[in-house]
Amino acid sequence: MTDHALRFEHTCYEINGRRLVGPLDFTVSAGETLVLLGESGSGKTTTLRLINRLLEPTDGEVYVEGKGSSTWDPVHLRRRIGYMIQEIGLLPHLTVAGNVELVPILEKWPSQKRSDRVDGLLDLVGLSPQEFRDRRPHELSGGQRQRVGVARALAADPPILLCDEAFGSVDPRTRAELQREFKSLVIKLEKTVVFVTHDVREALTMADRILLMEQGKVSFEGTADEFRSSDAPGVCELRELA
């Protein structure tokens, strides 16, 4: 992997001549957690989806591990990138184990390797394999479902994780616990993370670096400490809401 796991180079996205994001020029270092912070409609999720080719840039390029995303096979690219969303998206007809091993099955991992990976990941996210591997999603609490979502995103050991309001659907106490656990986990596993949130407190908890997005552009870029001390108007307004 290059020093920059991700690079946006004059990247834009338009629909019917209306620019939703861009131009964007920033990098994400390997092992870094970058938080895209901003209000609804600021372009955070659109920016995230340009990374794994759920959307294609209309101008410029996104580089993933030094290679232009447009030159990646989209299926292979998405299997290299873990993806977590607020709704989690567990398949209700599958067990916990079945949900976690989805990508390893697609990658044709042997059965025993998949089983060992499921058990190891459930342990890693704080769920006993003996107790949880055969449960269905409806038998889990919101926090437990989100932990399964984390395990599924990590199943094929992707170097990059994309998180779109990943903890927004759980209660505040569980959310704070998941934030702490997830941050510790990505540091331990040395993952590169791009994390979308509208919550200032969550951004300050999770981020190595914050990009504040307004109307599809970056209005602030800096560390959490720099965000706390910035006198930029948009930053000041958000801090007051925190």
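**An enclosed strand, its neighbours and some charged pairs**

Good morning. On one side of the pairing between β7 and β8, Leu 161 stands opposite Val 193 in β8. I begin with that contact since it leads into the part of the structure I wish to describe. Please keep in mind that this is a predicted model.

Let us consider strand β8 itself, residues 192–197. How many of its residues are buried? The count is 6 of the 6, so the strand is largely enclosed by the rest of the structure. The burial applies to both faces: Thr 192, Val 194 and Val 196 are buried on one side, and Val 193, Phe 195 and Thr 197 on the other.

Which strands pair with β8? Strand β7, residues 160–164, runs parallel to β8 and is joined to it by 5 bridges. Strand β3, residues 33–37, is also parallel to β8, again with 5 bridges. Val 193 appears in this second pairing too, as the bridge partner of Thr 33. Between β7 and β8 the chain passes through helix α8, residues 172–189, and the three elements make a right-handed β-α-β unit.

I turn now to the charged side chains. In general terms, side chains of opposite charge can pair when their charged atoms come close. The structure holds 15 salt bridges, and I shall present a few of them.

One of these stands just before β8. Lys 191 forms a salt bridge with Asp 157, with 2.5 Å between the closest N and O atoms. Lys 191 lies in the loop between α8 and β8, while Asp 157 lies in the loop between α7 and β7, so the pair ties together parts that are 34 residues apart in sequence. Is each partner buried or exposed? Lys 191 is buried, at a relative accessible area of 5%, whereas Asp 157 is partly exposed, at 47%. A network is also present: salt bridges with shared partners join Glu 32, Arg 209 and Glu 221.

A further pair is Glu 65 and Arg 80, whose side chains meet in a salt bridge at 2.8 Å, N to O. This pair links distant parts of the chain, 15 residues apart: Glu 65 is in the loop between β4 and β5, and Arg 80 is in the loop between α2 and β6. Glu 65 is buried, with a relative accessible area of 18%, and Arg 80 is partly exposed, at 30%.

The last salt bridge I shall mention connects Arg 53 with Glu 56, where the closest N and O atoms are 2.7 Å apart. Here Arg 53 counts as buried at 15% relative accessibility, while Glu 56 is partly exposed at 34%.

Finally, some remarks on the backbone. Most residues other than glycine have a negative phi, and most peptide bonds are trans. Where does this model depart from that pattern? A cis peptide bond joins Gly 22 and Pro 23, with omega of about -5°, and Pro 23 is found in strand β2, residues 18–29. Asn 16, which is not a glycine, has a positive phi of about 50°. This residue lies in the loop between β1 and β2 and is exposed, with a relative accessible area of 80%. Lys 108 likewise has a positive phi, near 65°. Lys 108 is placed in the loop between α4 and α5 and counts as exposed at 72% relative accessibility.

Thank you for your attention.

Conventions:
Residues are numbered from 1 along each chain as its sequence is written. This is a predicted model: local features need pLDDT of at least 70, side-chain atom pairs count only at pLDDT 80 or more; totals for chains, interfaces and linings use all residues. Side-chain values use heavy atoms; hydrogens and water are left out. Buried means under 20% relative accessible area, exposed over 50%, partly exposed in between (1.4 Å probe, protein chains only). Helices (H or I, at least four residues) and strands (E, at least two) are DSSP runs, numbered from the N terminus. Two strands pair if DSSP finds at least two bridges between them. A crossover is right-handed if, with the strands pointing away from the viewer, the path from the first strand over the helix to the second runs clockwise. A salt bridge is a side-chain nitrogen of Lys or Arg within 4 Å of a carboxyl oxygen of Asp or Glu.
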